[in-house]
Amino acid sequence: MGIIESMRLDNKSIFVTGGARGIGKSVATAFCEAGANVAIVDMDIETAKTTAAWLNETTGADCIAIQADVTNPEQVDAMIAAVLAKYGKLDAAFCNAGICMNIPAEEMTFEQWKKVIDINLTGVFLTAQAAGKVMLKQGYGSIINTASMSAHIVNVPQPQCSYNASKAGVIQLTKSLAIEWAKRGVRVNCISPGYIGTDLTLSSESLKPLIEKWNAMAPMGRLGKPEELQSICVYLAGDTSSFTTGSDFVVDGAFTCF
């Protein structure tokens, strides 16, 4: 078998949180194109259903949509149960759901801080933990968490201390889980995207001034594209990455190099 064939994900089952749009949708598309069946997990169930139906039609994959709040342990458990009821196994998980709030630290309320930490860090823990329990019983599986280049640098000019702290936590959580589960067949890695031009980002009038500043600072002079994260995630979800665990893959156009 050649390297291209060995990187396919035929008959693998994967869930993607935050999968209805943006990075999640783009990576879910790549998983499906590589042969996997994907559960699109999102709070916005109508958009998730639309995405799942589109993937079914365009890729031939067997996709479902599941509504779940990643900060709620009971809903996460129900999501896992739905995935297993549909596919009978869980080969990989993309724990991707996240939010950002640009609020000066001295003005941030406890509720605002907690919301970002709950979704970005606790949500990753809960979904990775739930996936891990299944995979440990199976004796195999791959978990991919979404961190950020914001775990490595302090972004400017926007104030986002809660986001930066949460994403730094994701990287250390990833490494910790990787060490705990390394001898038990479960691999855990994370990706750290730079600024990515999703449809939502590019259509936001309030973000246009920031995008201009980000592009002026970026070595490549532009935002990344969601599809530029696809190949690393397909690699991590598949068998060719069998010796890769505990790693953080920075995909940022060299933004964090200075």
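**How α2 and α9 cross, and where Met7 sits**

In this predicted model, helices α2 and α9 cross in a right-handed sense. Two packed helices are described by the angle between their axes and the distance between the axes. Here, the axes of α2 (residues 22–33) and α9 (residues 230–237) come within 9 Å, with a crossing angle of roughly 55°. That angle makes α2 oblique to α9, because it falls outside the ranges that count as roughly parallel (under 35 degrees), roughly perpendicular (65 to 115) and roughly antiparallel (over 145).

On the α2 side, the contact is built from Ser26, Val27, Thr29, Ala30 and Phe31, and these meet Gln230, Cys233, Val234 and Ala237 in α9. Sorted by type, the residues of this contact come out as 6 nonpolar and 3 polar, with no charged ones.

Val234 turns up again in the surroundings of Met7: neighbours within four places in sequence aside, Met7 is in contact with Val234, Tyr235 and Thr240. Met7 itself belongs to the loop that runs between α1 (3–6) and β1 (13–17). With a relative accessible area of 26%, Met7 is partly exposed, so it sits above the 20% cut-off for buried residues. Met7 and Ser241 are 234 residues apart in sequence, yet their C-alpha atoms lie 8.9 Å apart in space.

Zooming out, the chain holds 9 helices and 7 strands. Its radius of gyration is 17 Å, close to the 18 Å that the globule rule gives for 258 residues, so the chain is as compact as a globular protein of that length. The C-alpha trace spans about 45 × 40 × 40 Å along its principal axes, and 50% of the 258 residues count as buried. Among contacts between residues at least 6 apart in sequence, 73% join residues at least 24 apart.

Key
Residues are numbered from 1 along each chain as its sequence is written. This is a predicted model: local features need pLDDT of at least 70, side-chain atom pairs count only at pLDDT 80 or more; totals for chains, interfaces and linings use all residues. Side-chain values use heavy atoms; hydrogens and water are left out. Helices (H or I, at least four residues) and strands (E, at least two) are DSSP runs, numbered from the N terminus. Buried means under 20% relative accessible area, exposed over 50%, partly exposed in between (1.4 Å probe, protein chains only). Contact means heavy atoms within 4.5 Å. Axes are lines fitted to C-alpha atoms, for helices over the stretch in contact, and angles run from 0 to 180 degrees between N-to-C directions. A crossing is left-handed if the near helix is turned anticlockwise from the far one by less than a right angle, and right-handed if clockwise. Ala, Val, Leu, Ile, Met, Phe, Trp, Tyr, Cys and Pro count as nonpolar, Asp, Glu, Lys and Arg as charged, and the others, Gly among them, as polar. The radius of gyration is taken over C-alpha atoms; the globule rule is 2.2 Å times the number of residues to the power 0.38.
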